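Student: I would like to learn how to read a protein model step by step. Could we go through one together, taking a feature at a time?

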Amino acid sequence: MQNSLIAFSFFCTMLFPMMSSAEPELIILVRHAEKAAENPADPSLSAAGQARAQALALALQNAGVSSIFTTQFKRTRETAQPLAQARNITPQVLSAKRGAEHIKEVADAVRASSGTVLVVGHGNTVPAIATALGAPAMKEFCESSYSHMLVLRPAGPDMHVVQTRYGEVDAGKPDADCQ
């Protein structure tokens, strides 16, 4: 009997860290919505961007989003705001930096999360974050492209990726260097 209790205790000790390790079930990445022309350094959303932010909240209303990551810029925070309010979530702000440091910080934060995670980033960072999380490499988003939604589902060593769109159709057309 004592050997059985020791074996059970050892099993529970080994199993508990595996059960409690945080790992997202679903990761959703979007670029911020359309920005206004004012304040080029840190613009708010335009009317079209506000409508897109509402469309994002509607599109993800039943996705069970439990964590939201944005950058410090108004356009990412305002894109996440309708969903954050609807889900009663305070988004975590990760300061946007140039280059690989920011990509790694966001990917690490996402990996440390559980449930369904939304990341609102920028046209040049969202594809790179997806790749850092295990998705295939992809082109940056075009400057006029705001409707992309990447949905990633970790599946063991693999990452299942669905690239879709939400909200109004983008006004501009992609060129050869972006999507």
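**Charged pairs, a helix and a core**

Tutor: Let us begin with one pair of side chains: Asp170 forms a salt bridge with Arg165, and their closest N and O atoms are 2.8 Å apart. Please keep in mind throughout that this is a predicted model.

Student: What is the general idea behind such a pair?

Tutor: Side chains of opposite charge can pair when their charged atoms come close. In this structure, a search of the whole model finds eight salt bridges.

Student: Is Asp170 buried or exposed, and what about Arg165?

Tutor: Asp170 has a relative accessible area of 12%, so it counts as buried, while Arg165, at 47% relative accessibility, counts as partly exposed.

Student: Which other side chain meets Asp170 in a salt bridge?

Tutor: The side chain of Arg52 does, with a distance of 3.7 Å from N to O. This pair links distant parts of the chain, since Asp170 lies in the segment after strand 6 (158–165) and Arg52 lies in helix 2 (residues 47–59), 118 residues apart. Both Asp170 and Arg52 are buried, and a network of salt bridges links Glu34, Arg52, Arg165 and Asp170.

Student: Where do Arg111 and Asp108 lie?

Tutor: Both lie in helix 4, three residues apart, which is about one turn of the helix, and their side chains meet in a salt bridge of 3.3 Å from N to O. Arg111 is partly exposed at 38% relative accessible area, and Asp108 is partly exposed at 33%.

Student: How should I read helix 4 as a whole, and how many residues has it?

Tutor: Helix 4 (residues 100–111) has 12 residues, and from its first C-alpha to its last it reaches 16 Å, close to the 16 Å expected at 1.5 Å a residue. A useful next step is to ask which residues are hidden: in helix 4, His102, Ile103, Val106, Ala107 and Val110 are buried. Seen down the helix axis, the buried residues of helix 4 fall within an arc of 130°, so they line one face of the helix. On the other side of helix 4, Ala100, Glu101 and Lys104 are exposed.

Student: What do the buried residues of helix 4 pack against?

Tutor: They pack against strand 1 (24–31), strand 2 (65–70), strand 4 (115–121) and helix 5 (126–132).

Student: What is the general idea of a nonpolar core?

Tutor: In soluble globular proteins, nonpolar side chains tend to be buried together. Here the largest nonpolar core has 19 residues, of which Leu29, Val110, Val119, Leu133 and Leu152 touch the most other members. Two or more residues of this core come from each of strand 1, helix 4, strand 4, helix 5 and strand 5 (148–155), and helix 4 gives the most, with four residues. Apart from this core lies another, of 16 residues, among them Leu60, Val65, Ala80 and Tyr166.

Student: Which residues is Leu29 in contact with, leaving aside its neighbours within four places in sequence?

Tutor: With those neighbours left aside, the contacts of Leu29 are Val119, Val126, Ile129, Ala130, His148, Met149, Leu150 and Leu152.

Student: Finally, where is the place of His32?

Tutor: His32 is in the loop between strand 1 and helix 2, and with a relative accessible area of 2% this residue is buried. A polar contact of 3.4 Å joins the side chains of His32 and Arg75. Not counting residues up to four places away in sequence, His32 touches several residues, including Thr76, Val120 and Tyr146.

Technical notes. Residues are numbered from 1 along each chain as its sequence is written. This is a predicted model: local features need pLDDT of at least 70, side-chain atom pairs count only at pLDDT 80 or more; totals for chains, interfaces and linings use all residues. Side-chain values use heavy atoms; hydrogens and water are left out. The expected span of a helix is 1.5 Å times one less than its number of residues. Buried means under 20% relative accessible area, exposed over 50%, partly exposed in between (1.4 Å probe, protein chains only). The arc is that of the directions from the helix axis to the C-beta atoms. Contact means heavy atoms within 4.5 Å. A salt bridge is a side-chain nitrogen of Lys or Arg within 4 Å of a carboxyl oxygen of Asp or Glu. A polar contact is a pair of N or O atoms within 3.5 Å; within protein, one must be able to donate a hydrogen and the other to accept it, and residues adjacent in sequence count only if both atoms are side-chain atoms. A nonpolar core is a set of buried Ala, Val, Leu, Ile, Met, Phe, Trp, Tyr and Cys residues joined through side-chain atoms within 4.5 Å.
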